[in-house]
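Here are a few notes from my look through your model, set out as numbered points. I hope they are handy as you go through the coordinates yourself.

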Amino acid sequence: MTAKTTAALNTQADTTLADNTNGDISEGDVRTMSKDLADSMVNGKSTKALEVGYTATPPSALVISSGTHVPDPTLGNIQDVTFNGAFTFDPPATAGSYAMRYDVLIGASAGAVTFEASVLVDGDDLSTTDGDRFRMWIDKGFGATTIFIKALQ
């Protein structure tokens, strides 16, 4: 069948699958639309080359100021985070293999970040300087968590 945009699928549904008061919708119409829909989607059970890029809007900025922080990929793979105190950074607890990115702002009350011993950390050292920015890539897989840090100033 044919891969289509969301707008094209909506238009097809509105025109092909009207109210059907006259019984004009056939099994073939429904089958064609179902196959077009299947060809237009990406899911975790099939392989398909991505033909477009996707953007993400990070959730509201997370502020970490004390205690222990455990990254949560269910909040989004890209997250805005402010470090505003001393804390321990533990590996993610969510099952599976995945990658996340933290866009980090160092706050006025930032303290030392201690990484749990099993987390493999590479890259630049984090600072405690108010306003400094870092990017952290967090990867979990093969039973290990790695973090790469890059200073953005």
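The points below deal with a predicted model, and they cover salt bridges, a surface patch, a pocket and some single residues.

1. **Salt bridges overall.** How many salt bridges does a search of the whole structure find? The search returns 3. R101, D103 and R135 are linked in a network, and a further bridge joins K150 and D124.

2. **R101 and D103.** The side chains of R101 and D103 meet in a salt bridge, with 2.9 Å from N to O. The two partners fall into different accessibility classes by the cut-off of 20%, under which a residue counts as buried. R101 has 22% relative accessibility, so this arginine is partly exposed. D103 has 18%, so the aspartate is classed as buried.

3. **D103 and R135.** D103 also forms a salt bridge with R135, and here the closest N and O atoms are 2.6 Å apart. Why does this pair tie together parts that are 32 residues apart in sequence? It does so because D103 lies in strand β5 (residues 98–106), whereas R135 lies in strand β8 (residues 133–141). R135 is partly exposed, at 25% relative accessibility. With D103 bridged to R101 as well as to R135, these residues make up the network of salt bridges.

4. **K150 and D124.** In the salt bridge between K150 and D124, the closest N and O atoms are 3.9 Å apart. For a reader who works with cut-offs, that value can be set beside the 4 Å limit used for a salt bridge. This pair links distant parts of the chain, 26 residues apart: K150 sits in strand β9 (residues 144–151), and D124 sits in the loop between β7 (119–123) and β8. Both partners are partly exposed, K150 with a relative accessible area of 40% and D124 with 29%.

5. **The nonpolar surface patch.** Which residues form a nonpolar patch on the surface? They are V42, L50, V52 and Y54, and together they have about 450 Å² of accessible area. Among them, V52 is placed in the loop between α2 (27–40) and β1 (62–64). Its relative accessible area is 54%, so V52 counts as exposed.

6. **The largest pocket.** The volume of the largest pocket is about 280 Å³. Its lining has 14 residues, and the closest to the pocket centre are K4, S40, K48, V52 and Y54. What is the make-up of the lining in nonpolar, polar and charged residues? It divides into 8 nonpolar, 3 polar and 3 charged. You will recognise V52 and Y54 from the surface patch, and both are also listed among the residues closest to the pocket centre.

7. **The loop between α2 and β1.** Beside V52, have a look at G53, which lies in this loop. G53 is exposed, with a relative accessible area of 68%. For orientation in space, the C-alpha atoms of G53 and V104 are separated by 24 Å, and these residues are 51 apart along the chain. From V52 to F89, 37 residues apart along the chain, the C-alpha separation is 35 Å.

8. **Strand β8.** R135, already met in the salt-bridge network, lies in strand β8. From R135 to A95 the C-alpha distance is 23 Å, with their positions 40 residues apart in sequence. I138 has its place in strand β8 too. Is I138 buried or exposed? Its relative accessible area is 1%, so I138 is buried. The C-alpha atoms of I138 and F148 are separated by 6.8 Å, and the two residues are 10 apart along the chain.

9. **A backbone angle to look at.** Most residues other than glycine have a negative phi. F142 is not a glycine, yet it has a positive phi of about 55 degrees. Where is F142 placed? It is in the loop between β8 and β9. With a relative accessible area of 91%, F142 is exposed.

Key:
Residues are numbered from 1 along each chain as its sequence is written. This is a predicted model: local features need pLDDT of at least 70, side-chain atom pairs count only at pLDDT 80 or more; totals for chains, interfaces and linings use all residues. Side-chain values use heavy atoms; hydrogens and water are left out. Patches are made of residues with over 30% relative accessible area and no salt bridge: like charges are joined within 9 Å, nonpolar side chains (Val, Leu, Ile, Met, Phe, Trp, Tyr) within 5 Å. Accessible areas come from the Shrake-Rupley method with a 1.4 Å probe; for residues, only the protein chains shown count as cover. Helices (H or I, at least four residues) and strands (E, at least two) are DSSP runs, numbered from the N terminus. Buried means under 20% relative accessible area, exposed over 50%, partly exposed in between (1.4 Å probe, protein chains only). On a 1 Å grid over the protein atoms alone, a cavity is a set of points where a 1.4 Å probe fits but cannot get out, and a pocket is an open set with protein on both sides within 12 Å along at least five of seven lines; lining residues have an atom within 4 Å of a point. Grid points are joined across faces, edges and corners, and a volume is the space filled by probe spheres set on the points. Ala, Val, Leu, Ile, Met, Phe, Trp, Tyr, Cys and Pro count as nonpolar, Asp, Glu, Lys and Arg as charged, and the others, Gly among them, as polar.
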